[in-house]
Amino acid sequence: AWQVSDKWVVRSAYGLFFEADNNNSYSAINGASSFPWAGSYILAADAVTPYKGIFNWDAGFPTDRYVAPAFDVSYANRGGSPAMTHERYGNPGYTQQWNLNIQRRLPGKFLLDAGYVGNKSTGLKNSTLTRYNQIPFSAVTQFGRNLTNAVTSEAQAAANGIKYPYAGYKGTVAGALRQFPQIQGVSTFSGFGAPLGFSTYHSLQLTIDRQFANGVSMYANYVYSRTLSNIESTFEGENSGPLDVYNLTLEKTPASYDIPHMFKAYAQYELPIGRGKAIGGGMNKWVDALVGGWNISGILNYFNGGPLGFGGATSPLAGAWNGGQRPNIAAGNMRATTWNRDNFDFATIMNPINTYLNKSLFSDPANLTLGNSALRYSQIRGFGTVNEDFGLLKNFRFSESKTAQIRCELLNAFNRHTFGGIQTSVTNAQFGQVTSISGNRSIQLGARFQF
């Protein structure tokens, strides 16, 4: 921190934080419960005489029921679900955080703070960014529907223009082209703890703050920001797999929580009316009990909505392609020009007037092709937040130790409604429609006596 003068201060900071090697409340090793290396006790009731129980407690725990661990290297080959720790597991992810703020003291007890705040996360653990045994999409382009052809011999492999994986292999062309053709079917599996996740955040943050003086306090904050990432979080199961594991650049996208514009404000005003105040300072206590001691306050929240992503696209080749799929989106304005929130028809969801998306730009990709859409788009967003809350309260003081308060709070004071439920699956009959609306005004009344 550098105090340039009585009214100017410059502050800056940098931090480097490493991600702990936690298991996110899951098992320490992904799929560990599937591996019998810990041994087990067979404690099920006897099938013939279950009513007798399996042992007498006075005789001690039955150690003869322990089954020693065994490692079955063919577990996945016989239909089990394979699991693997990623080869780079152990390289800790880390986050860099930095800021540069300039603060200025203004007249009237106001403080202005303008700052650039950013962070960058690297090497975050996320298993879903891996997909072992996925065939390259070039194989779909090269072999097409022949990927589903049976391969049970060298002759069949040669007839399809591929190498026979190993003696005794029985499967399909797609299965034979995988990294691990011995695993049954065309399934893929993830590498636990893959340090492949990243995110970046850059923002301009403006804050104006007024300390409480003359009955008034105020605070307002505006943030203009951008968040990009290839994962949603490092928690297992919270991210969908990649479109093509061999091209992870396709996963770089605005995060679902990317909110470019966010404004929040709070103000409180203690009315200058009542005994000892600027207005009516000498009024008697009965009049003061009626008109003195009132406070009004308000909270304002105005945010953008989150970026939309689209799904529901049909697999390029069912039974052969084991990667992801996304829709095709043509260039143009993704928002329907006919959308008008004032005309929303809640009674008939499928009314064309409820169409939010320009459906003509979206399509299900043709067979044997991957869709061209990104995971999410900042150009088209869901509905944001517009909300105002107001409060009115009055304080009573009967003595040094006895006070009371009555209050009225108006939440969503202007009864604003928020649209939602935008159908983003391109193969759904309701695609592009707004399907829900929420929000209502709430009024709370309360009283409190303190002694």
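A salt bridge is a side-chain nitrogen of Lys or Arg within 4 Å of a carboxyl oxygen of Asp or Glu. In this predicted model, Arg 226, Asp 258 and Arg 381 are joined by such bridges into a network. A search of the whole structure gives seven salt bridges.

One link of the network was examined in detail. Asp 258 pairs with Arg 381, and their closest N and O atoms are 2.7 Å apart. Asp 258 sits in the loop between β13 (253-254) and β14 (261-270), while Arg 381 belongs to strand β19 (residues 377-381), so the pair ties together parts that are 123 residues apart in sequence. Both Asp 258 and Arg 381 are buried.

A second salt bridge connects the side chains of Lys 125 and Glu 19, at 3.7 Å from N to O. Lys 125 is part of strand β7 (residues 110-125). Glu 19 is found in the loop between β2 (8-18) and β3 (40-41). The bridge therefore ties together parts that are 106 residues apart in sequence. Are these two residues buried or exposed? Lys 125 has a relative accessible area of 10%, so this residue is buried. Glu 19 has a relative accessible area of 19% and is also buried. The cut-off explains the call on Glu 19: buried means under 20% relative accessible area.

A third salt bridge joins Glu 388 to Arg 416, with the closest N and O atoms 2.8 Å apart. Glu 388 lies in strand β20 (residues 385-397), and Arg 416 lies in the loop between β21 (403-411) and β22 (418-420). The two parts tied together by this pair are 28 residues apart in sequence. Here the partners fall into separate classes of accessibility. Glu 388 is buried, with a relative accessible area of 2%. Arg 416 is at 35% relative accessibility, so Arg 416 counts as partly exposed.

Strand β20 also features in the surroundings of Asn 301. Asn 301 has its place in strand β15 (residues 294-303). Its relative accessibility is 17%, so Asn 301 counts as buried. Which residues does Asn 301 contact, leaving aside its neighbours within four places in sequence? They are Phe 263, Lys 264, Thr 385, Val 386 and Asn 387. Phe 263 and Lys 264 fall within the range of β14 (261-270). Thr 385, Val 386 and Asn 387 fall within that of strand β20 (residues 385-397).

Notes:
Residues numbered from 1 in each chain as written. Predicted model: local features only at pLDDT ≥ 70, side-chain atom pairs only at ≥ 80, totals over all residues. Heavy atoms only, no water. Helix = DSSP H or I, 4+ residues; strand = E, 2+ residues; numbered from the N terminus. Buried < 20%, exposed > 50% of the residue type's maximum accessible area, 1.4 Å probe, protein only. Contact = heavy atoms within 4.5 Å.
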